[in-house]
Amino acid sequence: MIVSPSLLSCDFGNLQRDVEMLNQSAAQWIHIDVMDGVFVPNISFGFPILKAVRKHTSKVLDVHLMIQNPDPYLEEFKLAGADILTVHYEACTHLHRTVQKIKSLGIKAGVAINPHTPVSVLKHLMNEIDLVLVMSVNPGFGGQSFISDSFSKVTELKQLIMDLGLPLIIEVDGGVNLENAMLLVGAGADAVVAGNFVFNSENPVDAIEALSKVE
Ligand code: DX5
Ligand code: ZN
């Protein structure tokens, strides 16, 4: 299981220390939550933080853009160090164009869907993308409770991906812990984001290790 700890829950006064902790852990990716205060009712951080993180890690930077109309900023996110750029289905009017723009930058393109958005809306885009991010909370905040309907969405998405024979990654974001991670793997998830579960545990490295071994 790919574990992508979310820096939203880290101690920003000790950003370098926390990134170095992740470097020593089993995490393959680092999840970066960018919020604009328009698409979601919260503002997090942007390019300077992403660049600072990039300086201290060679792990895959998994950037989750919770911003309305992200197109004008895609290139700058790539230059700041993003390896994966995930945009929201609900935030892009011409999603196909947005995805093509990300691919033209030579990085992986992901699309996130909110809890109320059905998996089927992505059917005609599956060929173009590398990753689907299933939101298992309403985006905007860390530490929320997992929405259990997400299990069936992952199952449905996995079936769709297998029917199409595509190498798409399924990532789940929001309220992930050891118990639901087990069920998520069973449903077909390849990657999980974990903020609160990692950073509020007594030993984050052990928490990441445990999540990475879930099967
Ligand atoms: C929510 C963010 C998540 C969040 C996850 O809007 O997209 O990535 O940081 O945090 P937890 O794991 O605490 O729900
Ligand atoms: Zn996220």
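Three strands, β2 (29–35), β3 (60–66) and β8 (191–194), each contribute at least two residues to the shell around ligand 1. The structure is a predicted model. Of these elements, β2 gives the largest share of the shell, with three residues. In total, 20 residues surround ligand 1. The closest are Gly-140, Gly-143, Asp-173, Gly-175 and Gly-195. By class, the shell around ligand 1 comprises eight nonpolar, 10 polar and two charged residues.

Polar contacts were then examined at three of the closest residues, Asp-173, Gly-175 and Gly-195. Asp-173 uses its side chain: a polar atom there lies 2.7 Å from an oxygen atom of ligand 1. Gly-175 uses its backbone, with a polar atom 2.8 Å from an oxygen atom of the ligand. Gly-195 likewise places a polar backbone atom 2.8 Å from an oxygen atom of ligand 1. Taken alone, ligand 1 exposes 380 Å². The protein buries 99% of that area.

The site was also described from the protein side. Ligand 1 sits in the largest pocket. This pocket has a volume of about 320 Å³. It is lined by 27 residues, of which Gly-142, Gly-143, Gly-174, Gly-175 and Gly-195 are the closest to its centre. Among these, Gly-175 and Gly-195 also supply the backbone atoms placed 2.8 Å from ligand oxygen atoms. Gly-143 is listed both with the residues closest to ligand 1 and with those closest to the pocket centre.

Secondary structure elements contribute to the lining as well. At least two lining residues come from each of β2, β3, β8 and α7 (196–199). The strands β2, β3 and β8 thus appear in the ligand shell and in the pocket lining. The lining of the largest pocket divides into 12 nonpolar, 13 polar and two charged residues.

Notes
Residues numbered from 1 in each chain as written. Chains lettered and ligands numbered in written order. Predicted model: local features only at pLDDT ≥ 70, side-chain atom pairs only at ≥ 80, totals over all residues. Heavy atoms only, no water. Near = heavy atom within 4 Å. Polar contact = N/O pair within 3.5 Å; in protein donor to acceptor, adjacent residues only side chain to side chain. Areas by Shrake-Rupley, 256 points an atom, 1.4 Å probe, with all protein chains shown as cover. 1 Å grid on protein atoms, 1.4 Å probe; cavity = no way out; pocket = protein on both sides within 12 Å on 5 of 7 lines; lining within 4 Å. Sits in = over half its atoms within 2 Å of the grid points. Helix = DSSP H or I, 4+ residues; strand = E, 2+ residues; numbered from the N terminus. Nonpolar A, V, L, I, M, F, W, Y, C, P; charged D, E, K, R; others polar. Points joined across faces, edges and corners; volume = space filled by probe spheres on them.
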